[in-house]
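Biologist: I am new to this structure and would like to learn how to read it. Could we take a few features in turn?

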Amino acid sequence: MPTIVAKRRGPCAVCSMPVERGEVITYERAVGPRHMACAESEVCRRRNLFAMPCELCGVRLQRGHGELFVAESLSPLGSWERRWQARCVDVGTCTNRMHTQ
């Protein structure tokens with residue numbers, strides 16, 4: 001894994017804690033930035049590359065601040081449809097938003 005100095009602030013791909021600008025990190029394009037302490041850990045979340053709403057609570061998630069997954073379903077015409085969706089990483093806050101709406 002290449003080791004670089006972070007050029008911007010963003011979440012770690014493993015622990016979701018912020019990676020600060022100027023911090024020494026490991027980086028892979030397919031995974032994203034990781035703290036040096038998280039370098040050997042397995043990535044547990046796939047991050048959203050674009051701003052999009054949370055599918056559960058509807059709040060707008062900034063780039064990299066949500067968990068991305070694909071939802072597949074069978075269309076009425078018989079073909080498979082694939083939709084990318086995002087959910088909040090902080091499940092407790094997301095749940096609170098859903099109950100207060």
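Modeller: This is a predicted model. Start with surface exposure: M36 has a relative accessible area of 42%, and buried means under 20% while exposed means over 50%, so M36 counts as partly exposed.

Biologist: Where does M36 lie?

Modeller: M36 sits in the loop between β5 and β6, the latter spanning 52–53.

Biologist: Which residues make a nonpolar surface patch with M36?

Modeller: V5 and V24 join M36 in a nonpolar patch of about 250 Å² on the surface.

Biologist: Is T26 buried or exposed?

Modeller: T26 is buried, since its relative accessible area is 4%. T26 belongs to strand β4. Neighbours within four places in sequence are set aside when its contacts are listed; those that remain are M1, P2, T3, G32, P33, R34, H35, M36 and A39.

Biologist: T3 is in that list. How should I read strand pairing there?

Modeller: Look for bridges between strands. T3 has T26 of β4 as its bridge partner. Three bridges connect β1 with β4, residues 24–28, and the two strands run antiparallel.

Biologist: In what order do the strands of this open sheet stand?

Modeller: The order is β1-β4-β5, three strands with antiparallel pairing. The edges are taken by β1 (3–5) and β5 (32–35); each has a single partner strand, so one side of each lacks a neighbour in the sheet. From one strand to the next, the twist averages 45 degrees.

Biologist: And the side chains along a strand?

Modeller: As a general idea, side chains in a regular strand alternate between the two faces of the sheet.

Biologist: How many bridges join β8 to β9?

Modeller: Nine bridges link β8, residues 66–74, to β9, residues 80–88, and these strands are antiparallel. One facing pair is A71 and R83, with R83 in β9. Together β8 and β9 form a hairpin that has five residues between the strands. In the turn, G78 has a positive phi of about 95 degrees.

Biologist: What does C38 touch?

Modeller: Not counting residues up to four places away in sequence, C38 touches C12, V14 and C15. C38 lies in the loop between β5 and β6, and at 11% relative accessibility this cysteine counts as buried.

Biologist: How far apart are C38 and P76 in space?

Modeller: Their C-alpha atoms are 44 Å apart, and in sequence C38 and P76 are 38 residues apart.

Methods. Residues numbered from 1 in each chain as written. Predicted model: local features only at pLDDT ≥ 70, side-chain atom pairs only at ≥ 80, totals over all residues. Heavy atoms only, no water. Pairing = 2+ DSSP bridges. Helix = DSSP H or I, 4+ residues; strand = E, 2+ residues; numbered from the N terminus. Axes fitted to C-alpha atoms, helices over the stretch in contact; angles between N-to-C directions. Patch = residues over 30% accessible without salt bridge, like charges linked within 9 Å, V, L, I, M, F, W, Y side chains within 5 Å. Areas by Shrake-Rupley, 256 points an atom, 1.4 Å probe, with all protein chains shown as cover. Salt bridge = Lys/Arg side-chain N within 4 Å of Asp/Glu carboxyl O. Buried < 20%, exposed > 50% of the residue type's maximum accessible area, 1.4 Å probe, protein only. Contact = heavy atoms within 4.5 Å.
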